[in-house]
Number of protein chains: 2
Amino acid sequence: MNTLFYNGKLLSFGGEDPYEIIDDAEVAVLGSNIAFAGKKTDTGYDDSLRGIDFDRKIDLKGKLIMPGFKNCHTHSGMTFLRSAADDLKLDEWLNKQIFPREALLTEEDIYYATILAVMEYLSGGTTEICDMYLTPDSIDRAVLDTGIRCVQCGCMNNFSQSPEKLRDWYDRLNKGSDLSFFRIGIHAEYTCSEELLKITSDIVHELKAPLYLHMSETEPEVQGCRERHGGLSPVEYLDSLKLFDYGGVFFHGVHVSDNDIEIIKKRNIAVITNPASNLKLSSGIAPIDRYLKEGILLGIGTDGPASNNCLDMFREMFLTSALAKLRENDAAKVDASEVLRIACSDGAKAIGTPECDSLKAGKKADIVVLDLSCPNMQPENNIVKNIVYSGSKQNVYLTMVDGVIRYEDGEYNIGFKKEDIYKEVKKTVDRINREISFA
Amino acid sequence: MNTLFYNGKLLSFGGEDPYEIIDDAEVAVLGSNIAFAGKKTDTGYDDSLRGIDFDRKIDLKGKLIMPGFKNCHTHSGMTFLRSAADDLKLDEWLNKQIFPREALLTEEDIYYATILAVMEYLSGGTTEICDMYLTPDSIDRAVLDTGIRCVQCGCMNNFSQSPEKLRDWYDRLNKGSDLSFFRIGIHAEYTCSEELLKITSDIVHELKAPLYLHMSETEPEVQGCRERHGGLSPVEYLDSLKLFDYGGVFFHGVHVSDNDIEIIKKRNIAVITNPASNLKLSSGIAPIDRYLKEGILLGIGTDGPASNNCLDMFREMFLTSALAKLRENDAAKVDASEVLRIACSDGAKAIGTPECDSLKAGKKADIVVLDLSCPNMQPENNIVKNIVYSGSKQNVYLTMVDGVIRYEDGEYNIGFKKEDIYKEVKKTVDRINREISFA
């Protein structure tokens, strides 16, 4: 399938000026890759594309084409819990509402709940996710069946998953396609015994693999670790077990010390911020301005729909900038342009897929088209700032992943009818509510 | 024009349980008022409506019908400045970017910039605004020409507007229609001399009118007042001048003392919170939990598009709840249900239009219809929480104001083509940029 987009504005994140917007641009997609992205030439498109048959030529009519959003931390399967338990204290929420319900989930439940999330990602311009949930096999299947791109990681802890399972998933799920990947991951420091962490360290060294995990999300979590481990923060403690010798990806990173930041830099660790979830669960505001100053690679995520409750990168982008301004007491901190770069480009590198970080020849065709002719995108004083500060899912016209258009003008192309997915998730909800009420 | 909505879910905010959602409901609109809203009866609609000719009967197919959002503080005309100057320190933003550009505005510029904002309100489900900007006459005209509902107030200060003008607008602009109102308003304590405030106090007493104004938005503003006025906060100082003897509406109310709150209660003052703007300008987080506990009437606003930058009540609702949780360090604070009630119902009372606070017989037909068949609204564990925590403008299917459908399935019915409005606002931007660069 070859697609030509023409007559658009292009924000490629691939040029010398990362924020340059090229008018009257075209983007040629051959198979799953970008073949050309740039200014329209006299011949209608670049000479290198002469003779190519395009299956579709799409007149963008001035719409903006750019790399899709990378939602770098989510638990897609938790859609079944959306709005099931909010406005509760954290421990009551987790222990009385979330865990008992999750314990009743099947592989099939998570398959459909993940597809529901995929629909939300696509309709919001997200082309790639970094997912962490209970059943990697059925998540992999949901990803391949719907065609989104997904780096998933384990969430091993004392109660679920195991070193053997992680190894098995790592071996099997990285061979499927360019769309679905599995990385070594644990839930968090506070849910893993030292024995389990040491085994994980062995795996990390054997595979020369970065470690993905929730890290320093709340103040009590950091305090608890310091009490248990001779004053060491979670970052320090896990580093002492050599878990980050091949890098890592930290989800949250809200409460970090100067020394934590030194370790993050030394180990080439990426940090994924989840501002809406950190607000709603009253966890705090991550030090984004500091991370940027220290040159730490960042990504943005929504976290799961049980805590957020939506999977909307526009909201996260606004919050990433606006909360930094509040935290630093300075409205000039964390410019919107940097935030858009993190959401569309840096995030891809952070989770280990640099081939998806920009629209230029050879990169993966993971694309979002935004309609600038909505009132919230007008006037066009600054398109980048309009997207970050004023943009909404209402502006998403088209989402392409790996060269395939998966969402266009309100319609999905994922091999399922949306009503059927809603019915399946409702079945899960009804069954679990029934089982809970009998318990 | 008479309209019947049927086969919907109804959240009226008019029943004993304000959050009750009635399945298989119908809403009948005769002229500009609600004639019936409730459960479908055997005859297809309520007996009292027999014999009525409906111009349109709309099958909601399970969509949700509820009172539209009330955006209780905005500066609509500032759309021309959207994304023109962000990521700057507050004084640089205001004095070097905003004020010089505003000084070049004409009545006609503000007319079109306001209409651009109206399009954004309608496409986001907002049926009523409380507007404050420079040219009440052309704002009134934009409101009446497009058919949104608007309570506007003066923004008098030492540099613009005057007591005579306020009196003149008050006399003339309250006679137009049920859609457009003018209230006595000043910009803020710190931009008005004591002489001007005393004259305003006379006007307030003569008209027995509540006073609308920006109040206690930033810490320096409160400190400055205390230094100038013998330790009095802005609330205390203005109350000492008897400016609130007939009530008032405070925009922002971020930094208030215990005694300020006592005055707010004693004078029956309503507070309008603007969470996104307060974040982005690094002003702080308003004490919403405290206000609710004290029984103070609240509304939610976006503030103007130069500071926010969008006019999206979904974002504001999420922030009203989530920021309160962060501020109070308690994820159980400020339940989403209360926030939706504030956004759709309480806000109408706060700005002085209780006739728009619910969908029940006799109330104004200011309605939004939300499409629950979008993935972010699924599953329906809790529809109210889905709206507040997961909702987006993407879910807005229809907006009706005063009985007239002004937005439906992506199309506007406001007497203008959207492209023509964009052109007019672009003309304003281009002209002002030219004049600024010559200055």
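**Figure 1. Two parallel strands of chain A, joined side by side.** In this predicted model, strand β10 (residues 185-188) of chain A runs parallel to strand β11 (residues 211-215) of chain A, and three bridges hold the pair together. Want one partnership to look for? Find A:A188 and its bridge partner in β11(A), which is A:H214. To get from β10(A) to β11(A), the chain passes through helix α5 (residues 194-207) of chain A. That β-α-β crossover is right-handed.

**Figure 2. Where chain A meets chain B.** Here 51 residues of chain A are in contact with 51 residues of chain B. Several helices of chain A each supply at least two residues to the side that touches chain B, among them α1 (90-102), α2 (107-123) and α14 (418-438). Which helix gives the most? That's α11(A), with six residues. As for chemistry, the residues on this side of chain A split into 24 nonpolar, 13 polar and 14 charged.

**Figure 3. How chain A lays onto chain B.** Give chain A a turn of 180°, with a shift of 0.0 Å along the axis, and you can lay chain A on chain B with an RMSD of 0.0 Å. The two copies are therefore related as by a two-fold rotation axis. Which residue of chain A has the C-alpha nearest the axis? Look for A:Q394: its C-alpha sits 2.3 Å from the axis. Both copies also use the same surface, since 100% of the contact residues of chain A recur in chain B.

Technical notes
Residues numbered from 1 in each chain as written. Chains lettered and ligands numbered in written order. Predicted model: local features only at pLDDT ≥ 70, side-chain atom pairs only at ≥ 80, totals over all residues. Pairing = 2+ DSSP bridges. Helix = DSSP H or I, 4+ residues; strand = E, 2+ residues; numbered from the N terminus. Right-handed = clockwise from strand over helix to strand, strands pointing away. Contact = placed C-beta atoms within 7 Å. Nonpolar A, V, L, I, M, F, W, Y, C, P; charged D, E, K, R; others polar. Least-squares fit on C-alpha atoms with pLDDT ≥ 70 in both.
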